[in-house]
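Student: I'd like a close look at a single part of this one, followed outward to whatever else is worth seeing. Where would you start?

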Amino acid sequence: MNGFLGTHYGKIRKPWRQMILFALAWLIVSLLLTVPSWSEETSRPTLAIKAARVHIGNGRTIDRPVILIQDGRIQAVGSDLSLPDHIQIIEIDGGSVTPGLIDANARLESADMIPASRKGPGQQGPGGRAAISRDERPCHDSQVPLHVGDEEDPTGLADLAAGVRAGVVVSEQGSEVVPHTRVLDSVNFCSSDFQRLVQGGVTTIYASPDASAVIGPRGAILKTAGPMDQRVLVAEAAVKATIGTEPNRLGSYNQSPYRNSVSLYTRRPNSRMGLTWVFRKAFHDAIRRKDGLVAYGADTSSPEASRVLYEVLEGKIPLRIQARIQQDIHTAIRLCDEFKLRFTLEEATEAYRCIESIQASAAPVIFGPIFERPNGIRAFNNESNRSRYSTFRALLEAGVPTSLSAQDLREEDGLARQAMHAMRFGVDFEDALKAVTQTPARMLGLDGQIGTIESGKQADLVVWRGQPFAATSMVVMVFIDGNIVVDRR
Amino acid sequence: MILRCTLWIVVLFTTLAVDSHAAPPSKLALQGGRIIPVCGPEIPKGTVLIEDGTITAIGETVKIPYDATVIDVSEKVLFPGMISPHASQGLDRPNENLPVTPYLDVYDAIDPSSLFFEDALRDGVLAVHVIQGNNCVLGGLSRLVRPIGRTPDEMTIRPSLALKLSASPKSGSDRMQQMAAFRETFLELAFYLENLAEKRYEEELAKEKKEIDVGPEEARKRGAPLIRKEDLDDRHRNLVQLTEGQLDAWIYCDAATDVGPAINLAKEHGFLDRSIFVLGTEAYRAVQELKKADRPVVLPPDLVHRERDPITGELSETFIPEVIHEAGLLFALQPNPDSSLAERYLNYQAARCVRHGIPRQKALESITLNPARMLGMEDRLGSLEVGKAGYVVVLSGDPLDFNTWVEKAYVDGILAYDRTKDVRLKELLDLEEKSAEKEKQKEQENVESATQEEKQKESPAETKTDEKTGKEGEQDSEEGQKNEEEERDDK
């Protein structure tokens, strides 16, 4: 090449030609230098996971798979994939891989929510004991005051006046109808509750508000770990309504309005009749306001709430209803029939008593947890006493789209164990897996992004030592968006 | 005289016969199952022979007596009855308000009709060590029972097994009070015994019509061996038995800080070699002390200790059996009745240990043989071997598989539980009615289709005239044929 250039240089002695030649040479050299880095950009060898078996989540399994991950997404899954050079390989002998588990009705620890409790999260419990016993965990511990204001502003009016600026409690207590508030605003992303979730293999949750309002705040769909800017998948998800005794049991200022004027300290429904009335009135208010009429009466919901509820009526915002006992499930179905609403049923402890009605209403169910005797947040009411092992299986057999949730249970006791319980009580492994991966992903409207291990989806994976959901198996690794977030190797 | 003697003997024998009313089938052979004896290697297909409530033969080929009841357990797993080492749930109330109550006995508070015992049987726990709760200083007597029987007497395997002690204060109390109470109790015991010895010496002298001739110290010395069992009152009798070696001590240590004082206490009063340490979640940290004492431990029901770093807020967890196993201590597991469900099963607790890398054999021992050793019953319970009592659980699969069910349970060779007759479980699983309904529906469909086919054959002209009914009839008959085909396939 040099000789060739040189000959030219000898023959044609013109400065502009010389310049062109130099430019050409520089171009070629620079191109040669950039080629390798450019090829790296296109098929970046990020990560390959090798295991004994992968459960895709849609009923298929692949033996001895390779899962290729690129930019936090799954590039390919297969047993006969060729591995690119310079790729990071994680190989787990005898391990099996499932999609990251999805809890479509998770209850975040209220003590960790800003600023639900006057006590800091580390200070709770007697004698400075840091261990989290089950007794200290429930969302609705009566010792943890669900207060509106703080000490400087005991009435909490300033907070209310500023809207629900900080997300005062898990559910806003100012009114029974608060669908314009968001759970997201009160989520503490540094909470160790997320750590406990992810250690149990849960990668995505629907952060559900508590049941202390008839029509409560909107939930949020969150990743349980990873960089902050990627954690929120959906900021404003479904509106949560509750039918049952919870709104009147859990409300912090739920005194009877006897001889007092109705204020934010006296909330109305003391019975299922009152509760149903509040539900109905809220939607009627929304319709009246939409028609340009004035909503009036003692329990009138705010215009902001009406705006949201009208979108619910239009089907733009999904609705969830928590109902546990048979009677409440029927009420939920009846109310939604009245307003032509589509809804998702939460909890449905006594669904086995009204399977036909649920089938007819076409409502999907987020069932769980499976238990015999209630404990934790379910222990102190009369709605959880008639639970059965078979309910989840019965719902599946009836063809009702049903996902499983562990709600406030965590880690070992969490979502994976719900699937394990389901299997003990007669559900196939694949159905149990679907109920904690694909089905909840569909219910959250995110089945294009999460829920199965297919190319293009987010690389949320759980690696198990042994068969998933077996008593002797352990969650070895958890990946969220292709990043290792739990590593017990 | 001879007549009287024979009469007495007859009376005695008849009463004995009446007492042992629940006579087991004298000979029982469980044939063809996979046997996990725990004390030795597995037998892939073998037979367990139980005669008069005791295992008399076990192995691949066992000569079955001609008059034995043979039960086929092929494709099932035979496992020793599991043992719950520390339970206060069978009591109407787990604790007495008073701190020092060595005169109490759980015998008076066991409720045989309690759902706890029913569940125990259903879960394959065939021996329960019922003991007072942890809110005491020095509690009452414990008792080993089987979960069958209408009275505490019928249930009892071994009465007055151990005394409950707690090195950790109940809420509202503190550790100084706790230890002061122990000191006071044993000082008072010494004082009482001295006085009693003096009194006894005086009594003995009085029999010979003598007056006391020595100083009080000498009198105490001479009187000490004269103390008879009946001289002691209830409170002190049990304490004396504790210090002299007839009773075991089960000492609860909630935190690691309680382990040292508990060991010292036991050493000081001479019952360390008969002490079992019942640990709270945090007490595992004192593993070095426990190792030095080399005494068995009962692990807390929630096998994981979680802790938040005070600075970073990071949550760390420790699997307690892992630490205890590494230290080489003998340990037993407890079921967790507060759990949502799974940890209620003792075999699931063992499965958790295997999950965390503890050898399978050790995990199985921790729910059978180890508690039997702690309770001093290793000659009768805890494994399947010749000479031990017939406490056998028939499982549908491996004990460490969560999908395994207890099919049958034999207590002293008596069939105490049969899953096919468990009404409560059937209701929880919603089993029987549904399958029965389905069968009925099928039968009805078959009958209907058959009758309609017959009708068609009998009167083809009628169906032709009425098109609608004819079509329906055809459809039905097709369905009927399909049903029949399905049935054939099933066969």
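Tutor: Start with helix α7 (residues 259-268) of chain B, which lies across β12 (248-253) and β13 (275-279) of chain B and runs at about 160° to β12(B). This is a predicted model, where local features need pLDDT of at least 70, side-chain atom pairs count only at pLDDT 80 or more, and totals for chains, interfaces and linings use all residues. Residues are numbered from 1 along each chain as its sequence is written, while chains are lettered from A and ligands numbered from 1 in the order in which they are written. Helices (H or I, at least four residues) and strands (E, at least two) are DSSP runs numbered from the N terminus. Axes are lines fitted to C-alpha atoms, for helices over the stretch in contact, with angles from 0 to 180 degrees between N-to-C directions.

Now look at what the helix lies across. β12(B) and β13(B) belong to an open sheet of six strands, ordered β8-β11-β12-β13-β14-β17 in chain B, with mixed pairing. (Strands pair if DSSP finds at least two bridges between them.) At the edges sit β8 (138-141) and β17 (331-332) of chain B, each pairing on one side only. Follow the sheet out to β17(B): strand β14 (residues 297-298) of chain B runs parallel to β17(B) and is joined to it by two bridges. One residue pair to click on there is V297(B), whose bridge partner in β17(B) is F331(B).

Next, try another strand of the same chain letter, β18 (residues 392-395) of chain B. Both of its faces are covered: V392(B) and V394(B) on one side are buried, and so are V393(B) and L395(B) on the other. (Buried takes 20 or more other C-beta atoms within 10 Å of the residue's own, exposed takes 12 or fewer, and partly exposed is in between; C-beta atoms are placed from the backbone.) In a regular strand, side chains alternate between the two faces of the sheet. β18(B) also has two pairings to trace. Strand β5 (residues 77-80) of chain B runs antiparallel to β18(B), joined by four bridges, and P80(B) has V392(B) as its bridge partner there. Strand β19 (residues 406-411) of chain B pairs with β18(B) in the antiparallel sense, again over four bridges. V392(B) turns up here too, with Y410(B) as its bridge partner in β19(B).

Helices against helices come next. In chain B, the axes of α4 (residues 175-207) and α5 (residues 216-223) come within 7 Å and cross at roughly 85°. So α4(B) is roughly perpendicular to α5(B). (Under 35 degrees is roughly parallel, over 145 roughly antiparallel, 65 to 115 roughly perpendicular, and the rest oblique.) The contact takes E194(B), A197(B), E198(B), R200(B) and Y201(B) from α4(B), with P216(B), A219(B), R220(B), R222(B) and G223(B) from α5(B). (Contact here is C-beta atoms, placed from the backbone, within 7 Å.) By class, that set has four nonpolar, one polar and five charged residues. (Ala, Val, Leu, Ile, Met, Phe, Trp, Tyr, Cys and Pro are nonpolar, Asp, Glu, Lys and Arg charged, and the others, Gly among them, polar.)

Chain A offers its own crossing. The axes of α6(A) and helix α7 (residues 303-314) of chain A come within 8 Å and cross at roughly 95°, so these two helices are also roughly perpendicular. A282(A), F283(A), D285(A), A286(A), R289(A) and K290(A) in α6(A) meet P303(A), A305(A), S306(A), L309(A), Y310(A) and L313(A) in α7(A). The split at this contact is eight nonpolar, one polar and three charged. Several residues of α6(A) are buried, including L275(A), V278(A), F279(A) and K281(A). G292(A) follows α6(A), with a positive phi near 85°.

Finally, bring the two chains together. The contact takes 27 residues from chain B and 33 residues from chain A. On the chain B side, β15 (304-308), α10 (346-355) and α13 (423-429) each give two or more residues, and β15(B) has the largest share, with five residues. That side holds twelve nonpolar, seven polar and eight charged residues. As for chain A in general, there are 13 helices and 20 strands, and 50% of its 489 residues count as buried.

Note on methods:
Two residues are in contact if their C-beta atoms, placed from the backbone, lie within 7 Å.
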